[in-house]
Amino acid sequence: MLTGDDGAPVQLLSPDGQRRPHERYDRLLADLDSDDSNALLALYEDMIVTRRIDAEGTALQRQGQLALWPPFLGQEAAQVGSAHAINRDDFIFASYREIAVAYVRGIALPDLMKQWRGTQNAGWNPFESNMAPTQVVIGAQPLHAVGYAMGVQFDGAESAVITYFGDGATSQGDVNESMVFAASFQAPVVFFCQNNHWAISEPVGIQAHVPIGLRAPGFGIPSVRVDGNDILACLAVTREALEHARAGHGPSYIEAVTYRMGAHTTADDPTRYRDANELEDWKGRDPIARFEAYLTGSGILDDAGRSQVAEKADAVAAAIREATIHMPDPEPEELFEHVYAGPHAVLERQRDHFERYRAGFAEHSNHAPHAALTEGGH
Ligand SMILES: Cc1ncc(C[n+]2csc(CCOP(=O)(O)OP(=O)(O)O)c2C)c(N)n1
């Protein structure tokens, strides 16, 4: 059974990168400690690459190549650490900000960008990756996750479901309803809340007068708070929670305490509502700097390793840029595809109407207004 322990977030790496032994969680990292550190370097690489993807996404939006981008700068440990805990046959339901989760999941690079360029509603086939399209409707996806987890349970499968959402989402009825169902049916689902302290301009303290992780036990769901800027702690607690679900012990809840260092999206200006000192304070707790200090201090990472990873990050960013810039525009009628699994009479009627509407423009352009003018019609 998971617990909130003493309420302090679980931490396995101190802010200056020292490994802290932990009676309960060390078991869950035993493979990392014994595999010649390849797994540790893989975690580091994914953090560096995803931070680079984030910077590239922001730049592409500024250059008019993307409609919008939701930066996750500062949340790399929470996303990469937890995503490394997920098995291939587990299913993920995430929000728009979990781009690092999608990257770790192996979603193809161009597919990460389609939603943000606006060429597709969703960028990938959820059943190829066992990851649903990311959700922009706040708090909707935990409902989908619990429904899916109940299906997993009915099938008797030994897999788990994980759903990601933000601190702001916990105020939505949907999230609370999904916890009622998860607890009632003991569904094999992990609720992973990234408390990044802000729901656009609303600070978390307004909606939550107790730590968000403490709400779940009220639904009968065991919960743990974790330092969301400590990648090893995020990996360990998520592994434990997923094991708990796969073993048939029901739902659990993780509150990863982290910070959104960037803007809510590229359409937002956080300097209008956020104190600069707060940001400075959290920059001092940068999740990558902390892990890098640990790896360097234990001799796992050196300058050669660092530049190798930086090269990989640059290559991924270049591939993303190339794919985004050359992404073909869809035909407008494609909007009607993938709404239902099969044909649907109402949708067919709408498509037909839309096609005639578009054809009307073509006719109109044959009788262009300027032609009428030159013919002296006005
Ligand atoms: C149902 C719904 N209400 C409002 C919005 C507008 N909205 C977009 S993001 C957001 C804040 C979400 O904050 P949080 O859940 O903490 O996630 P974060 O963006 O910090 O990752 C809101 C209110 C929405 N997308 N969906």
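Ala, Val, Leu, Ile, Met, Phe, Trp, Tyr, Cys and Pro count as nonpolar in these legends, Asp, Glu, Lys and Arg as charged, and the others, Gly among them, as polar. The model shown is predicted.

**View 1. The largest cavity holds about 50 Å³ of space.**
The structure has 2 cavities of 30 Å³ or more. Y96, E98, I99, A102, L112, Q115, W116, W124 and T134 line the largest cavity. Two elements, α4 (99–105) and α5 (109–117), each give two or more residues to this lining. The biggest contribution is that of α5, with 3 residues. By class, the lining of the largest cavity has 6 nonpolar, 2 polar and 1 charged residues. The charged one is E98, because Glu counts as charged.

**View 2. The second largest cavity has a volume of about 30 Å³.**
Its lining is made by T170, V175, N176, M179, I212, R215 and Y253. Helix α8 (residues 173–185) provides the largest share, 3 residues. By class, 4 residues of the lining of this second largest cavity are nonpolar, 2 are polar and 1 is charged.

**View 3. The largest pocket contains about 690 Å³ of space.**
Its lining has 23 residues. Which of them lie nearest the centre of the largest pocket? They are Q120, N121, A122, E337 and H338. Both β1 (91–93) and α6 (126–129) supply at least two residues of the lining. Sorted by class, the lining of the largest pocket has 13 nonpolar, 7 polar and 3 charged residues.

**View 4. The second largest pocket has a volume of about 290 Å³.**
It is lined by 22 residues, and Y96, I138, G166, G168 and A169 are the closest to its centre. Y96 also belongs to the lining of the largest cavity. Strands β2 (161–166) and β4 (198–199) each supply at least two lining residues. The lining of the second largest pocket divides into 9 nonpolar, 10 polar and 3 charged residues.

**View 5. Helices α2 and α13 cross at roughly 35 degrees.**
Helix α2 spans residues 38–62, and helix α13 spans residues 303–325. Their axes come within 9 Å. Is the crossing left-handed or right-handed? The crossing of α2 and α13 is right-handed. On the α2 side, the contact is made by Y44, E45, I48, V49, R52, I53, E56, A59 and L60. These residues meet R306, V309, K312, A313, D314, V316, A317, I320, R321, T324 and I325 in α13. By class, the contact of α2 with α13 has 12 nonpolar, 1 polar and 7 charged residues. The polar one is T324, because Thr is among the residues that count as neither nonpolar nor charged.

**View 6. An open sheet is formed by 5 strands.**
The strand order is β1-β2-β3-β7-β6, and the pairing is parallel. The edge strands, β1 and β6 (223–227), each pair on one side only. From one strand to the next, the twist averages 20 degrees.

**View 7. Strands β2 and β3 pair inside this sheet over 6 bridges.**
Strand β3 covers residues 189–195, and its pairing with β2 is in the parallel sense. Which residue in β3 is the bridge partner of Y164? The partner is F192.

**View 8. Helix α10 lies across four strands, β2, β3, β6 and β7.**
Helix α10 is made of residues 231–246, and β7 of 252–257. The helix runs at about 160 degrees to β6.

Definitions and conventions
Residues numbered from 1 in each chain as written. Predicted model: local features only at pLDDT ≥ 70, side-chain atom pairs only at ≥ 80, totals over all residues. Heavy atoms only, no water. 1 Å grid on protein atoms, 1.4 Å probe; cavity = no way out; pocket = protein on both sides within 12 Å on 5 of 7 lines; lining within 4 Å. Points joined across faces, edges and corners; volume = space filled by probe spheres on them. Axes fitted to C-alpha atoms, helices over the stretch in contact; angles between N-to-C directions. Left-handed = near helix turned anticlockwise from the far one by under 90°. Contact = heavy atoms within 4.5 Å. Pairing = 2+ DSSP bridges.
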